Structure formats: C-alpha cells, structure tokens
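Dear colleague,

Please find below the structure that I am handing over to you, together with its sequence. I would be grateful if you could read the notes that follow with the model open beside them.

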Amino acid sequence: MRVFATLLCVAGCVLVAGCGSVGEPLYPALNIPQRISDLVAVERGDKIAIYFTIPPLTTEGLAVRSIGSVDLRVGVNPSSGFNIDQWTAGAKRLDTSAPSQAGPVHVEILAGEFIGKEILARVRVGNSRGRMSEWSNFVVVNVETPLAKPADLQAQPSPEGVRLSWNAPNQNSFRVFRKADQEKEPSPIATTDKPEYVDTSTEYGKPYEYYVQGIHEKTESDVAGPAAITPKDIFSPAVPTGLTASAGIAAIELAWERNTELDLKEYRVYRSEENGPFVQIADGLEGPSYSDRKIESGKLYKYRVAAVDQSGNPSDPSQPVEIIAP
C-alpha cells in the first residue's frame with residue numbers, strides 16, 4: 001500500500017508539472033505605429049500640400065488598431081544653424097485630425113506666411129494612450145511667390161494630333177497631363193517651355209481630357225483643366241505634285257509623286273476635253289499612275305489629280321497638265 005501511495009504521489013506531481021507550468025510573463029502590447037518614412041511636401045498654388053502614409057503595423061509587428069493623434073510640424077529653417085530640439089519646440093504644430101485607420105494622409109496649409117523662406121516639416125503618430133512613434137524623415141520646401149494657374153486652356157484638332165494652348169505670361173515651364181477614354185486618372189505626358197503643346201499620339205474618335213500645370217523647380221501652380229476633345233479627321237491630304245502626261249500606245253500615260261500620308265486611301269483623276277469642264281474619269285487608284293485609253297487622236301486633253309484619305313477627305317486637285325492625243 002505504501003508503494004502504491006508513493007506511485008500515486010509521483011504521478012500526481014507529473015500531472016501538475018505538465019498542466020500547470022508557468023512560462024515567461026506576457027506584457028501588454030504598446031501598439032505604437034511604426035515610423036513614417038515617406039513624408040513629401042510641395043508648394044502648389046497658394047498652398048503647401050503635404051503627403052505621408054501611416055504604416056499599417058506597430059513597432060511590434062502587430063496591426064495598427066487605432067490612431068490617437070497626428071503630430072505634424074512645420075517651421076522655418078534657421079539661418080543661424082540648425083538644432084533639432086530647438087526646431088521641434090519652435091515649429092508650428094498643424095491641426096491634423098487622426099484618421100480612422102492607417103494609410104495615406106493629405107494635408108494642406110496656406111503658403112503665405114512662409115513666402116521667401118525655407119521651411120522644414122516632419123510628422124509622427126501617437127496611439128490611443130498618447131505614446132508617440134519616432135519622427136519621420138525631414139522634408140525641405142523653398143517657398144516662392146505662388147505660380148498662377150494657366151488660363152484659357154484650349155484643345156483643338158490639328159493634322160498632327162491635338163493642339164493645346166493656354167495663357168500664362170509669367171511662366172516658362174509647364175507639365176501636361178492627359179486622361180484617355182477609360183483611364184481613371186490623368187497621367188503626365190510632357191513637359192514644355194512654351195504655352196502650347198501638340199499631342200501626336202492621339203487616335204481619331206477617342207475621347208481625351210487635358211490638364212496643364214505651371215512649374216518652377218519644385219514649385220507648382222494649381223492644375224488647369226480639363227479641356228475635353230474627341231478628335232475627328234477633318235484634314236485633307238496634301239495636293240498631289242509632279243503630275244506629268246505623256247503619249248503612250250493608244251493612251252495618255254499619267255504619273256505623279258506619291259503622297260506620304262499614312263491614312264491615304266486613293267487617288268482620283270479628272271479630265272477636260274478641248275478646254276471643257278473637268279470631269280472625274282477614275283477613282284480608287286492606289287498607285288500614282290493612270291493610263292487614259294479613252295482618247296481621240298488630235299484632241300486637247302487636260303488632267304488633274306486629287307488624293308483622298310480613309311475618312312473620305314479629298315485634297316484640292318493638282319495643277320493641271322495638258323497634252324494633245326497622238
């Protein structure tokens with residue numbers, strides 16, 4: 001009995017040790033968001049636009065559940081020497097509402113009080129208990145006199161594509177944006193130093209929206225636009241040149257220079273007999289030549305040629321040539 005009791009005691013100890021052992025203590029999570037690392041600021045119009053992203057994870061690698069506060073500060077870069085603690089204490093704290101969840105944040109402030117100065121900005125985020133993340137990267141903005149928004153933006157069809165024009169007398173550099181057909185957002189397509197631009201990559205029948213922005217170094221104007229257009233082919237091919245007429249065997253042989261338009265469809269030939277009116281005698285010609293076999297010997301003939309594109313736009317007729325049929 002004593003042995004049996006001893007075995008029961010040992011077994012009980014093993015069970016207690018296996019089921020009731022105490023591990024390392026678990027401390028409550030701090031829930032402090034990770035440091036913001038993508039702070040960007042740009043002067044646009046009469047405002048300074050500030051962008052950053054609140055990371056989705058805490059410093060412990062857990063999902064950010066709530067955001068208590070956003071501490072965004074902007075201050076002048078002192079000319080006497082930079083001291084980070086003095087700058088932080090003296091910088092202006094911007095009234096920035098805490099978003100409901102992590103992700104991108106956009107804040108705008110008026111640029112007026114900072115014109116002619118170099119300013120610095122940085123940001124940090126706090127949890128619901130007031131514990132703050134580390135400060136973000138610094139950004140520097142040299143605040144200039146605001147650039148005026150380009151005015152009277154116009155989009156007009158041209159033989160080369162879509163021609164844009166606008167007014168901005170005191171600016172000499174511009175960024176052009178375009179939104180085509182089903183695109184959700186405009187995309188930059190060009191930078192130009194003149195208040196005009198020709199978009200040669202358009203397609204007939206496809207709708208476009210254009211926007212223009214003045215730029216100077218890192219300063220931007222507000223964006224002008226949209227100027228909407230659905231270009232159509234209303235432009236005639238070039239007038240055929242180099243038309244010649246020569247006598248052949250029972251025919252008059254015509255030849256001319258080939259047009260260079262990519263959308264050329266055909267040529268049409270017109271003829272005048274004995275100084276009478278010109279009448280079309282041929283169409284659908286793909287090449288720059290034609291043999292007129294319906295002639296009478298000794299008659300005076302005059303010829304003209306016109307080019308036609310795929311949209312049916314005809315050119316003006318060429319200069320006439322004349323010949324007496326052999």
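The notes below go through the nonpolar cores, the strand pairing, the salt bridges and the aromatic pairs. Please bear in mind throughout that this is a predicted model.

Nonpolar cores

The largest nonpolar core comprises 25 residues, and those with the most contacts inside it are Ile-48, Ile-50, Phe-52, Ile-54, Leu-72 and Val-74. At least two residues of this core come from each of strand S2 (47-54), S3, strand S5 (103-110), strand S6 (118-126) and strand S7 (139-142). Leu-72 illustrates the surroundings: beyond its neighbours within four places in sequence, Leu-72 contacts Ile-50, Phe-52, Lys-92, Arg-93, Leu-94, Thr-96, Val-107, Arg-122 and Val-123. A second core, separate from this one, has 18 residues, among them Leu-243, Leu-264, Ala-282 and Tyr-303.

Ser-136 deserves a brief mention here. Ser-136 is located in the loop between S6 and S7 and, at 5% relative accessibility, is buried. If residues up to four places away in sequence are not counted, Ser-136 touches Arg-35, Ile-36, Leu-39, Arg-122 and Val-123. Arg-122 and Val-123 also appear in the list of contacts of Leu-72.

Strand pairing

Strands S8, S9 and S12 form an open sheet of three strands in the order S8-S9-S12, and the pairing is antiparallel. Strand S8 (151-158) and strand S12 (196-199) are the edge strands, each pairing on one side only. From one strand to the next, the twist averages 15°. Strand S9 (residues 161-167) is joined to S12 by four bridges, and Arg-163 stands opposite Val-198 in S12.

Further along the chain, S17 and strand S18 (residues 279-285) run antiparallel and are likewise joined by four bridges. Tyr-267 stands opposite Leu-285 in S18. The hairpin of S17 and S18 has five residues between the strands, and Glu-274 takes a positive phi near 50° in this hairpin.

Salt bridges

The structure contains 15 salt bridges. One of them pairs Asp-71 with Arg-93, with 3.2 Å between the closest N and O atoms. Because Asp-71 belongs to strand S3 (residues 69-76) and Arg-93 to strand S4 (residues 92-94), this salt bridge ties together parts that are 22 residues apart in sequence. The two partners differ in burial: Asp-71 is buried, with a relative accessible area of 1%, whereas Arg-93 is partly exposed at 46% relative accessibility.

A second salt bridge joins the side chains of Arg-271 and Asp-292, at 2.8 Å from N to O. Here, too, distant parts of the chain are linked, with Arg-271 in strand S17 (residues 264-273) and Asp-292 in strand S19 (residues 289-292), 21 residues apart. Arg-271 is buried, with a relative accessible area of 12%, and Asp-292 is buried as well, at 2%.

Glu-273 forms a salt bridge with Lys-299, in which the closest N and O atoms are 3.1 Å apart. Glu-273 lies in strand S17 and Lys-299 in the loop between S19 and strand S20 (300-309), so this pair connects parts that are 26 residues apart in sequence. Glu-273 is partly exposed at 34% relative accessibility, and Lys-299 is partly exposed at 21%. A network of salt bridges links Arg-271, Glu-273, Asp-292, Glu-296 and Lys-299.

Aromatic pairs

Six aromatic pairs are found in a search of the whole structure. Trp-87 and Phe-138 form an edge-to-face pair, with 5.2 Å from centre to centre and 80° between the planes. Since Trp-87 lies in helix H2 (residues 84-90) and Phe-138 in the loop between S6 and S7, the pair ties together parts that are 51 residues apart in sequence. Trp-87 is buried, with a relative accessible area of 5%, while Phe-138 is partly exposed, with 31%. Ring pairs also link Phe-82, Trp-87 and Phe-138 into a cluster.

Trp-166 and Phe-174 form an edge-to-face aromatic pair, at 5.4 Å centre to centre and with 70° between the planes. Both of these residues are buried: Trp-166 has 3% relative accessibility and Phe-174 has 0%.

With kind regards

How values were computed
Residues numbered from 1 in each chain as written. Heavy atoms only, no water. Salt bridge = Lys/Arg side-chain N within 4 Å of Asp/Glu carboxyl O. Buried < 20%, exposed > 50% of the residue type's maximum accessible area, 1.4 Å probe, protein only. Core = buried A, V, L, I, M, F, W, Y, C linked by side-chain atoms within 4.5 Å. Contact = heavy atoms within 4.5 Å. Pairing = 2+ DSSP bridges. Axes fitted to C-alpha atoms, helices over the stretch in contact; angles between N-to-C directions. Phe/Tyr/Trp six-rings, centres within 6.5 Å; stacked < 30°, edge-to-face > 60°.
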